[in-house]
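These are my notebook entries from one session with the structure shown below. I looked up backbone outliers, burial, strand pairing, an internal cavity and a metal site.

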Amino acid sequence: MTMATKVVIGAQWGDEGKGKIIDILAQRAEVVVRSQGGNNAGHTVEADGVEYKLHLTPSGILNPNTLCIIGNGVVVDPGVLLDELDMLRAQGVSTDNLRIDLRAHLILPYHIVLDGLMEAARGAGDIGTTKKGIGPAYMDKAERIGIRMCDLLDADVFAARVKENVALKNKLITAVYGGEAVDADAIIAEYLGYAERLRPYAADTTVLLYEAIQAGKEVLFEGAQGTLLDLDLGTYPYVTSSHPISGGVCVGTGIGPTLIDECIGVVKAYTTRVGKGPFPTELFDELGDKIRNVGNEFGATTGRPRRCGWFDAVIVRYGVRTSGLTGIALNKLDTLSGLGTLKICTGYKKGDEILTEFPASLTELAQCEPVYEEIAGWDEDITGAKTYDELPEAVRAYIARIEELVGCRVCMVGVGPNRTQNIER
Ligand code: GDP
Ligand code: IMO
Ligand code: MG
């Protein structure tokens, strides 16, 4: 059997290095597809000394032969997407191979306004969203009042739908949240300008994708966010409003589960999270600061410092199970060099009990203390390692212990941010 379709997801709280892995795999893939999320994502790709931070464009875009698809499950902010395409072209990257699905929902200015107002209204209980309008756009989709790419391409339909929605949203914005009303005519004029520029990219990508798979082409599905940010399986309510687990790929691109061959989980050699919510292995001391500085753990989308902590095997095992992972790409092992003895969380202590499965209830999670085992660290600079055997014994032992605890094989090892700093096993 050929392994033609591969899903790549984040198995922690996002920012695991999915962009880098997709860029590397895309050098062999013919199609790269995003299936969920929007420009809350920030995927860093470092190639030939240039760093690209992509928010909406699939990370296969640097390969001129790869068809890049923004699937139906993505929420698209057209102004942000056009700016990103301009930025890429200015850097000499062709964007001709991009297609956007006609069924993809749009982010409109009132979604962004509401994201900010709703966060402010939550007060101390805020989620720490990226304020890009993601939650409110998915709310409209579920409420069945969303506006889609196919609507944008029909000026009359678009204008009518914006007017209906703005009438409704302005009541919410002003009367409920005390914000400032938005102007429907200004939105229509702005977005119809985008429509003409986006028209050449619009397509029924569910057909393109199905045909590519039928033709035996190599297809990569690029996850955004991560397992614990999944609307159903994450640390609800501190989650995003889409489905970053592998199952999200099917609804977000219009293919059936029988068409997926492999699922790779991208994982950091430690744990980070941006935004609020529980984080059992979080480090509040200088060690946490050190990991943040050495690992350059600052959000690619909002610039916020990321919270840092030890590797949590309970979380990654949960990711292996809920996405049916067939392999792990373990990034940022280089960041752990010189930290002394390392710790791995193997379970949670709750009263007299030891939990080995990630709990559903955040109240329960808050009562959990991580159970750690210590493992020898290493001091060597591993950023130049090219083969698995070149890695110091202690690094290989750390990887082997992770494999044992999470029940999945590590098939790729990241030793630096560049596309060349990756070891395949
Ligand atoms: P994504 O959202 O999953 O694509 O990840 P981000 O791009 O938000 O964050 C990952 C960060 O780690 C980026 O700055 C990458 O350049 C960087 N990175 C990825 N893999 C490695 C690695 O193996 N070592 C180091 N030092 N940095 C890495
Ligand atoms: P990538 O694809 C890390 C987090 C936000 C917040 C929560 C909800 O780069 O891994 P939202 O704006 O989505 O409503 O915010 O989700 N979040 C991410 N954290 N990486 C991401 O994407 C994220 N996208 C959203 O910080 O806690
Ligand atoms: Mg990111």
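Entry 1, Asn296. I looked up whether Asn296 is buried or exposed. Asn296 counts as exposed, at 52% relative accessibility, because the class of exposed residues begins over 50% relative accessible area, with buried meaning under 20% and partly exposed lying in between (1.4 Å probe, protein chains only). Asn296 belongs to the loop between helix 10 (286–294) and strand 13 (307–309). Helices (H or I, at least four residues) and strands (E, at least two) are DSSP runs numbered from the N terminus. I noted a positive phi of about 50° for Asn296, which is not a glycine.

Entry 2, basis of the values. I record that this is a predicted model, in which local features need pLDDT of at least 70 and side-chain atom pairs count only at pLDDT 80 or more, while totals for chains, interfaces and linings use all residues. Residues are numbered from 1 along each chain as its sequence is written, chains are lettered from A and ligands numbered from 1 in the order in which they are written, and side-chain values use heavy atoms, with hydrogens and water left out.

Entry 3, other backbone outliers. Lys332, also not a glycine, has a positive phi of about 65°. I located Lys332 in the loop between strand 15 (327–331) and strand 16 (342–350), and its relative accessible area of 21% makes it partly exposed. The peptide bond from Tyr236 to Pro237 is cis, with omega near 5°. Pro237 sits in the loop between strand 10 and helix 9. For reference, most residues other than glycine have a negative phi, and most peptide bonds are trans.

Entry 4, Ser246. Ser246 lies in the loop between strand 10 (219–222) and helix 9 (248–253). With a relative accessible area of 10%, Ser246 is buried. Which residues does Ser246 touch, not counting residues up to four places away in sequence? They are Val7, Ile9, Cys263, Thr322 and Ser323, where contact means heavy atoms within 4.5 Å.

Entry 5, strand 2. I found both faces of strand 2 (residues 31–34) covered: Val31 and Val33 on one side, and Val32 and Arg34 on the other, are all buried. Strand 2 pairs in the parallel sense with strand 5 (residues 67–70) over 4 bridges; two strands pair if DSSP finds at least two bridges between them. Val32 stands opposite Cys68 in strand 5. Strand 2 also runs parallel to strand 10, joined by 4 bridges, and there Val31 has Val219 as its bridge partner.

Entry 6, cavity. I looked for cavities, meaning sets of points on a 1 Å grid over the protein atoms alone where a 1.4 Å probe fits but cannot get out; lining residues have an atom within 4 Å of a point. The largest cavity has a volume of about 40 Å³, a volume being the space filled by probe spheres set on the points, which are joined across faces, edges and corners. Its lining includes Val7, Ile9, Phe221, His243 and Val249. Strand 1 (5–10) supplies the largest share of that lining, 3 residues.

Entry 7, magnesium. The protein donors of the magnesium ion (ligand 3) are Asp15 (OD) and Gly42 (O), lying 2.0 to 2.2 Å from the ion. Asp15 is in the loop between strand 1 and helix 1 (18–26) and Gly42 in the loop between strand 2 and strand 3 (43–47), so the pair ties together parts 27 residues apart in sequence. Donors are N, O and S atoms within 2.8 Å of the metal (3.2 Å for Na, K and Ca); water is not among the atoms, so sites may look incomplete. Gly42 counts as buried, at 11% relative accessibility.

Definitions and conventions: On a 1 Å grid over the protein atoms alone, a cavity is a set of points where a 1.4 Å probe fits but cannot get out, and a pocket is an open set with protein on both sides within 12 Å along at least five of seven lines; lining residues have an atom within 4 Å of a point.
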